[in-house]
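Colleague: Hi! Could you walk me through this model, starting with how confident the predictor is?

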Amino acid sequence: MTSKQRNLPQSLWDLFCSLKLTMSLLISLALTSIIGTIIPQGPPPQEYLEQISPAKFKLYQSLGFFDMYHSWWFILLLGLLTANLVSCSIKRLPHIWQTIIRPETVMTSALEQSLGAVVSVSSKIKPELLKEKVAAFLRAEFAEPVTTEVDGAWHLFAQKTPWCRLAVYFVHLSVIVIFIGAIIGSLFGYKGFVNITEGQSIDKVVSRAGKEINLGFSLRCDQFSVAYYTTGAPREFKSILTVLENGKPVPDYTNARIVVNDPLTYKGITFYQSSYGNAGDYFFTVSDLDGKNAASLTVNGTSSATLPDGSSMHVLEATEDVSAYVPGLSGPAAQVEIHPPQGKSETIVVYANHPEQNIQQARERKGSPVLQYKGARKRMYTGLQVAKDPGVWVVWLGCLLMVVGVYAAFFLSHRRIWVRIRNGSVTIGGNASKNQGAFRQYLDQLAEKLTSHLSREEHP
Amino acid sequence: MTSSLLFNITTFAYLVAMLLFFAFLASRAKAIGTAGIAAAYFGLLAQTGAIALRWKESYAMGVGHAPLSNLYESVVFFAWTIVLIFVLLDLKYRYRVIGAFVMPFALLGMAWAQLGMNTGIEPLVPALQSNWLLYHVITCFLGYAAFAVACGISIMYLIKANHDESGQKAGESSLLGMFPPIRVLDDLNYRAIMIGFPLLTLGIITGAAWANYAWGTYWSWDPKETWSLIVWFVYAAFLHARFTRGWVGKRAAWLSIIGFAATIFCYLGVNLFLSGLHSYGGK
């Protein structure tokens with residue numbers, strides 16, 4: 001029984017230190033991530049709900065498929081991956097650390113046999129002097145050597161970029177740093193959205209979670225405009241914004257221009273150009289067929305108005321000159337949609353200069369009031385994405401660490417060279433943490449160079 | 001000389017290069033291999049000129065931007081990066097025969113772009129008006145291209161490994177004679193992914209940086225982002241497979257092929273089948 005108790009933590013530890021677990025976690029993450037790219041994330045739209053059966057909907061919901069990247073099991077997979085890479089690092093790091101901090105400086109015969117590349121050079125120079133010459137050669141060609149004397153033999157050891165063995169641990173650390181940044185962002189930051197009509201200001205935004213957030217200052221939209229290419233495709237969406245503190249414009253944030261890909265940041269909160277729309281007012285008069293009971297009616301572009309007969313209407317679009325759309329007629333006109341209390345809604349055009357057309361239309365609609373268009377006061381609103389994320393710099397730090405770490409882990413190699421000088425024979429051995437084949441060639445060339453170097457010294 | 005003429009010349013050169021590499025495979029004549037790589041070089045040069053010219057032409061039209069803004073331009077750029085990575089690998093390791101398994105990808109891209117797509121230069125939509133476009137697209141596609149090359153090498157690995165297992169057969173052995181040993185193919189596969197993985201990582205990071213700069217969110221689990229992460233997971237698995245018992249050899253080669261399939265889905269499938277923030281890439 002006791003052995004079993006002792007074994008459970010041990011086997012759990014072994015499991016978390018295993019690369020097999022890493023492989024299964026990476027593959028599981030890859031496979032499960034596909035779900036969220038097929039099933040729409042967030043509150044499912046009506047059209048989607050009509051496509052799937054209620055049983056399927058229930059199943060998906062209980063498994064968290066509609067917000068799968070924040071579901072308990074996906075977070076668990078990420079947590080297991082984190083635990084896995086921390087365990088692997090804890091297990092392997094001390095040994096790697098020793099290799100870097102306390103390298104073997106003496107080439108014993110056991111070490112010599114384990115090395116991938118060993119070459120020998122002979123020389124007639126006296127051992128003491130030979131040692132000096134080889135050390136100088138290594139210093140010039142490779143790296144500063146450490147010299148040790150053991151049993152009458154001289155041992156030299158030199159190495160390059162030993163720290164690159166740590167690179168892979170930096171990559172693992174970077175993943176954790178990125179996670180920490182993401183957690184900071186979700187705890188202390190928010191994403192929100194706000195619409196501001198031209199000329200108006202706001203001091204609150206609505207977060208994605210539906211919470212109202214006080215900005216602590218006000219933001220006014222002075223103007224919104226769209227510019228077009230000659231092809232008719234949009235070229236630029238632009239808002240002119242002013243930050244107000246206690247109702248007064250803040251100097252450097254007055255009439256600030258923001259476009260897509262160029263946001264505005266104030267006190268850690270950033271505003272991004274995201275959407276736009278019409279918030280202008282349209283003016284009408286409403287009367288009976290004979291012109292009696294005339295009353296004026298103002299309809300805002302973002303809302304609808306109720307007519308005397310109980311139907312509601314809203315404006316689809318308006319123009320200063322209708323002649324381009326309706327040949328033979330001219331002047332301002334508005335296209336409106338009317339929803340009667342019963343029956344189908346319909347779209348009609350209401351004119352400013354053609355009252356006879358307006359009366360004719362009202363007749364056709366049987367008893368509904370006559371609408372007369374009076375013009376519009378054009379006003380746009382700008383839709384801004386709002387974000388505060390104090391964790392984002394931690395995420396970038398993690399990314400930097402990852403890029404540097406991946407580069408060092410892939411492209412730098414820890415290369416070590418040992419030299420033993422005994423009885424006029426110079427034995428050179430070495431190994432590299434990467435690309436042994438290329439290193440062997442390098443060592444051969446180095447030995448050749450040393451041979452010719454030493455023979456020149458022998459016969460000056 | 002217009003860019004579209006140069007792109008047609010490029011496509012033809014890649015076709016010739018591919019056919020020459022096939023002939024090289026069958027004949028084992030060194031001269032044919034040299035001719036193949038020469039055609040690939042010529043195509044790469046012509047395409048480099050064509051991309052530069054298209055860039056210049058867009059400025060002449062008054063809508064100046066790097067030619068990386070829609071599906072046509074990205075497919076063309078993808079073909080260019082594939083040949084570039086192949087040529088660099090050839091310069092370093094000199095295994096020409098890999099061209100027979102890599103040039104088809106580049107040719108397929110060019111032929112599809114030239115024959116099946118609208119080649120007109122369009123003005124840049126506001127969402128793409130940023131310097132990040134250049135960094136993001138270049139790093140991503142260089143990464144994708146390295147994965148394409150790795151996929152070609154992995155296919156060779158599996159063919160060769162299956163052949164080695166089943167013993168010599170007279171007909172096949174002549175075709176396979178030019179193949180490098182599986183040890184070398186495994187190594188080249190790893191090296192290609194060693195180029196691709198850091199570039200994909202950079203591509204995802206530049207994408208996140210751009211998203212954060214333009215939308216205020218560095219990561220929103222949009223299908224494109226998620227698929228790029230899926231690709232990253234697959235190649236991260238590949239890199240760890242080397243040190244895991246039971247995962248070296250054929251399984252690693254399969255991972256590399258699955259990784260490239262995921263890459264292609266991330267690049268094309270997401271735009272064709274799923275909706276999301278990268279919609280301009282699907283036109």
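Modeller: Happy to. This is a predicted model, and the mean pLDDT of chain B is 89, with 94% of its residues at 70 or more; pLDDT is the predictor's confidence in each residue, from 0 to 100. The model scores ipTM 0.89 and pTM 0.85.

Colleague: Any ground rules for reading it?

Modeller: Residues are numbered from 1 along each chain as its sequence is written, while chains are lettered from A and ligands numbered from 1 in the order in which they are written. Because the model is predicted, local features need pLDDT of at least 70 and side-chain atom pairs count only at pLDDT 80 or more, whereas totals for chains, interfaces and linings use all residues.

Colleague: How many helices and strands does chain A have?

Modeller: Chain A has 11 helices and 21 strands. Both are DSSP runs numbered from the N terminus: helices are H or I with at least four residues, strands are E with at least two.

Colleague: And what is the radius of gyration of chain A?

Modeller: For chain A it is 38 Å, whereas a compact globule of 460 residues would have one near 23 Å. The radius is taken over C-alpha atoms, and the globule rule is 2.2 Å times the number of residues to the power 0.38. Along its principal axes, the C-alpha trace of chain A spans about 125 × 70 × 45 Å.

Colleague: What share of chain A counts as buried?

Modeller: That is 27% of its 460 residues. A residue is buried if 20 or more other C-beta atoms lie within 10 Å of its own, exposed if 12 or fewer, and partly exposed in between, with C-beta atoms placed from the backbone.

Colleague: Let's switch to where the chains touch. How many residues does each chain put into the contact?

Modeller: Chain A brings 37 residues and chain B brings 35 residues. Two residues are in contact if their C-beta atoms, placed from the backbone, lie within 7 Å. On the side of chain A that touches chain B, H2(A) gives the most, with 12 residues. By class, that side of chain A has 24 nonpolar, nine polar and four charged residues. Here Ala, Val, Leu, Ile, Met, Phe, Trp, Tyr, Cys and Pro count as nonpolar, Asp, Glu, Lys and Arg as charged, and the others, Gly among them, as polar.

Colleague: Which strands does E4(A) pair with?

Modeller: Strand E4 (residues 190–197) of chain A pairs with E19(A) in the antiparallel sense over eight bridges, and two bridges join E4(A) to strand E5 (residues 201–207) of chain A, also antiparallel. Strands pair if DSSP finds at least two bridges between them. A:Tyr190 stands opposite A:Lys388 in E19(A), and A:Phe193 faces A:Val206 in E5(A).

Colleague: What's in the hairpin of E4(A) and E5(A)?

Modeller: Three residues lie between the strands, and A:Gly199 takes a positive phi near 90 degrees there.

Colleague: Now chain B. Why would you say H8(B) is largely enclosed?

Modeller: Because 17 of its 19 residues are buried, H8(B) is largely enclosed by the rest of the structure. Helix H8 (residues 223–241) of chain B reaches 26 Å from its first C-alpha to its last, close to the 27 Å expected at 1.5 Å a residue. The expected span is 1.5 Å times one less than the number of residues.

Colleague: And what comes just after H3(B)?

Modeller: B:Arg94, which takes a positive phi of about 60 degrees.
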